[in-house]
Amino acid sequence: MGVKALLVTVLLTAAVGYYMYTPLPDAIQEPWKLMMVDAGIRTAMHLASLKHWLGLDHSMMSFRQSLEGLESTVKRLVSSESSGRVIPGVKISDITFAGIPVRVYEPPAGGEGHLRRGMMYFHGGGWALGSGKKGAQDAVNRMVSDELNTVVVSVEYRLYPEVLFPVPYLDCLAAAKHFLSPAILAKYSIDPERLVVAGDSAGGNLAAAVAQEISVDESVAVKFSVQALIYPALQALDFNTPSFLQNQHMPILPRHTMVQFWLQYLGADLSLLPQLIVNNHSASQNSGITSELRSRIDWTTLLPQKFKKNYKPVVVEKGSQEILKKVPGFLDVRAAPLFAGPEVLAKCPRAYILTCEFDVLRDDGLMYARRLQDAGVSVTSEHYEEGFHGSFSFIFWPVDFDVGKRSLRAYINWLQNNL
Ligand SMILES: *[C@@H]1O[C@H](CO)[C@@H](O)[C@H](O)[C@H]1NC(C)=O
């Protein structure tokens with residue numbers, strides 16, 4: 001090799017290494033694997049921005065396509081049969097519930113005479129990405145259906161940029177009401193006493209919001225008996241909770257990405273992002289936020305000391321009064337279920353809440369667990385010290401993490417014993 005070629009190789013290797021390298025906390029096991037996943041996602045995002053800049057496509061849509069491309073490439077490299085993703089006995093039907101596309105998973109054991117559990121699942125992806133029919137999500141739903149003798153209904157609610165809040169929420173609510181109707185429960189031989197609503201990330205947000213609405217809606221006779229929330233997003237007023245600060249640069253969900261997802265979902269201008277990062281939208285002089293409302297998301301009183309660490313609340317005095325006026329979704333309990341009053345929470349189903357230490361959304365989940373408990377609801381709060389956002393879905397080689405597999409097992413065990 002000539003000196004020039006050697007130099008180019010060294011520089012290229014250094015550039016790739018630099019691009020891939022992300023400093024990670026010591027507690028993260030298999031850090032290089034997480035860096036590779038992160039680099040893959042960042043590449044998809046950069047390609048999407050480039051296409052958007054060239055005027056070819058909306059960046060979120062091409063990001064979605066790039067991610068799906070990445071996933072199917074990985075899948076082609078790995079024979080999916082060998083990893084046991086397909087469970088032959090589970091029957092799959094792609095149909096609609098109240099006009100909303102859903103995928104129904106029916107367990108192998110026949111329904112005749114004996115009733116099965118029922119689960120409604122909302123997938124994650126920042127209200128803009130993902131699908132319950134793909135990848136780990138689909139595999140987990142098959143597993144739950146098979147192992148827990150459960151009819152799982154995964155909802156393909158509409159996404160940004162095609163729709164904005166409240167449409168994804170309303171899609172999920174309509175599908176849930178249809179699911180809970182006596183005719184559907186009878187059709188699928190589902191026990192009306194054993195129904196769970198579940199979701200991860202943005203799907204956890206939708207599951208919490210739908211659980212609240214169903215709980216207080218007197219026209220719905222059969223209710224969910226359990227809610228299972230996997231690192232849910234529950235509020236958008238404080239982007240300086242200890243977890244948002246501690247994990248602001250953590251893959252795969254850095255703080256600016258989560259804030260961007262919220263802005264998109266709520267139909268706000270993306271140029272507001274720097275204001276939101278410094279909590280300018282929730283300034284103390286903002287007359288739109290009552291002290292009662294503020295207390296419902298006040299991490300200084302709702303979090304155990306262990307999680308507060310040495311962080312200080314970020315409350316600006318003046319900020320911008322305009323943002324909440326222009327974007328009412330920020331204060332809407334259907335978007336931010338952590339705002340619900342104790343009278344609503346008291347009616348909510350028993351909860352399983354999974355949180356991860358290295359996740360901007362950790363404190364959203366922990367605060368909700370505490371508020372539900374204070375309202376008298378029984379809560380299992382499962383916290384993963386080595387967990388990071390998305391780890392629940394990283395269960396298959398080559399992107400399998402021990403913490404992901406352990407948390408999935410614990411979730412299934414909990415449902416086995418509590419649903
Ligand atoms: C936040 O609001 C203050 C006014 O209270 C303003 O001076 C500041 O520039 C704003 N910060 C950002 C990042 O926009």
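Hi all, here is a quick tour of two spots in this structure, the ligand site and the annotated active site.

A bit of housekeeping: this is a predicted model, where local features need pLDDT of at least 70 and side-chain atom pairs count only at pLDDT 80 or more, while totals for chains, interfaces and linings use all residues. Residues are numbered from 1 along each chain as its sequence is written, and side-chain values use heavy atoms, with hydrogens and water left out.

Okay, the active site. UniProt, in an unreviewed entry, puts that feature at Ser201, Asp359 and His389; such annotations may be inferred rather than shown by experiment. They span 189 residues in sequence, yet no two of their C-alpha atoms are more than 10.5 Å apart, so they gather at one spot.

Ser201 sits in the loop between β5 (190-200) and α7 (202-216), with helices (H or I, at least four residues) and strands (E, at least two) being DSSP runs numbered from the N terminus. His389 is in the loop between β8 (379-388) and β9 (395-396).

Buried or exposed, what is serine 201? Serine 201 is buried, at 9% relative accessible area, and histidine 389 is buried too, at 7%. Buried here means under 20% relative accessible area, with a 1.4 Å probe and protein chains only.

The side chains of His389 and Ser201 make a polar contact at 2.9 Å (a pair of N or O atoms within 3.5 Å; within protein, one must be able to donate a hydrogen and the other to accept it, and residues adjacent in sequence count only if both atoms are side-chain atoms).

Now the ligand. Around it are Pro274, Gln275, Val278, Asn280, Lys318 and Gly319, each with a heavy atom within 4 Å of it. A polar side-chain atom of Asn280 lies 2.3 Å from a ligand oxygen.

Notes
Buried < 20%, exposed > 50% of the residue type's maximum accessible area, 1.4 Å probe, protein only.
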